Amino acid sequence: MTDKIILTVIGLEWLIFGLIGLISPVYIATLLDMQLGSSIGYSELRAMYAFFACMGLTALLSLWNVKLKKTAYLLFCIVLGCFLIGRIISFIFDGSPTQGGIIIFVNELIVYALVTVSYTHLTLPTKRIV
């Protein structure tokens, strides 16, 4: 039951934000207080948000395809782990984060903790009572 809640929430969150960023990079950039100054910036943002939409879709599809569940959790573990490392390095080199940066960091940290615990739970061997 917990898996269904986690995968539904993160799946919808990432799919919706992914589609918003894919369709309207200007809106998502404004929402995140980012500045886009070139066409490659729009392209990069759209590419990233297309990937985020696919991550969300993977999480949602794993609700019906149990074999996909481990893959979805692992995908989120890897991506969010990398995001957290990058944000921490940015906090060190670029100075104090903005309020928006802290909110994004905390959101990613919470989702990372949830998916890591869920993935670990799925991959641990279970004891068999004989």
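In these legends, two residues are in contact when heavy atoms of theirs lie within 4.5 Å of each other. The model is predicted, so local features are described only at pLDDT of at least 70 and side-chain atom pairs only at pLDDT 80 or more, while totals for chains, interfaces and linings use all residues. Residues are numbered from 1 along each chain as its sequence is written, and side-chain values use heavy atoms, with hydrogens and water left out.

**View 1. The whole chain is built from five helices and zero strands.** Helices (H or I, at least four residues) and strands (E, at least two) are taken as DSSP runs and numbered from the N terminus, and in this chain the elements run α-α-α-α-α. Taken along the principal axes, the C-alpha atoms fill a box of roughly 65 × 30 × 20 Å. Buried residues, meaning those under 20% relative accessible area, are set apart from exposed ones, over 50%, and from partly exposed ones in between (1.4 Å probe, protein chains only); the buried group makes up 29% of the 130 residues. Among the contacts with a separation of 6 or more, 67% are between residues 24 or more positions apart.

**View 2. Leu7 is one of the residues that touch the most other members of the largest nonpolar core.** A nonpolar core is a set of buried Ala, Val, Leu, Ile, Met, Phe, Trp, Tyr and Cys residues joined through side-chain atoms within 4.5 Å. The largest one here has 19 residues, and Leu7 shares its place among the best-connected members with Ile10, Trp14, Met55, Phe76 and Val115. The elements α1, α2, α3, α4 and α5 each give two or more residues to this core, and α4 gives the most, with six residues. With neighbours within four places in sequence left aside, Leu7 is in contact with Ala59, Leu60, Ser62, Leu63, Lys69, Ala72 and Tyr73. In soluble globular proteins, nonpolar side chains tend to be buried together.

**View 3. Lys69 and Asp3 form one salt bridge, and Glu108 and Arg87 form another.** A salt bridge is counted when a side-chain nitrogen of Lys or Arg lies within 4 Å of a carboxyl oxygen of Asp or Glu, and the structure holds two of them. In the pair of Lys69 and Asp3, the distance from N to O is 3.5 Å, and the two residues link distant parts of the chain, since Lys69 is in helix α4 and Asp3 is in helix α1 (residues 2–23), 66 residues apart. Lys69 counts as buried because its relative accessibility is 16%, and Asp3 counts as buried because its relative accessibility is also 16%. Beyond its neighbours within four places in sequence, Lys69 is in contact with Asp3, Leu7, Ser62 and Leu122. In the other pair, the closest N and O atoms of Glu108 and Arg87 are 2.6 Å apart; Glu108 lies in helix α5 (residues 99–123) and Arg87 in helix α4, so this pair ties together parts that are 21 residues apart in sequence. Glu108 is buried, at 6% relative accessibility, whereas Arg87 is partly exposed, at 28%.

**View 4. Cys77 and Cys82 are not joined by a disulfide.** A disulfide is a covalent bond between the sulfur atoms of two cysteines. Here such a bond is assigned to a pair of cysteine sulfur atoms within 2.5 Å, and by this rule the count comes to zero. The sulfur of Cys82 is 11 Å from the closest cysteine sulfur, in Cys77, and is therefore too far away for a bond. Cys77 is buried, with 12% relative accessibility, while Cys82 is partly exposed, with 49%.

**View 5. Asp33 has a positive phi of about 60° although it is not a glycine.** Most residues other than glycine have a negative phi. Asp33 is placed in the loop between α2 (25–31) and α3 (39–61), where Asp33 is exposed, with a relative accessible area of 68%.

**View 6. Ala113 and Ile23 are 90 residues apart in sequence.** From C-alpha to C-alpha, Ala113 and Ile23 are 29 Å apart in space. Ala113 is found in helix α5 and counts as partly exposed, at 40% relative accessibility.
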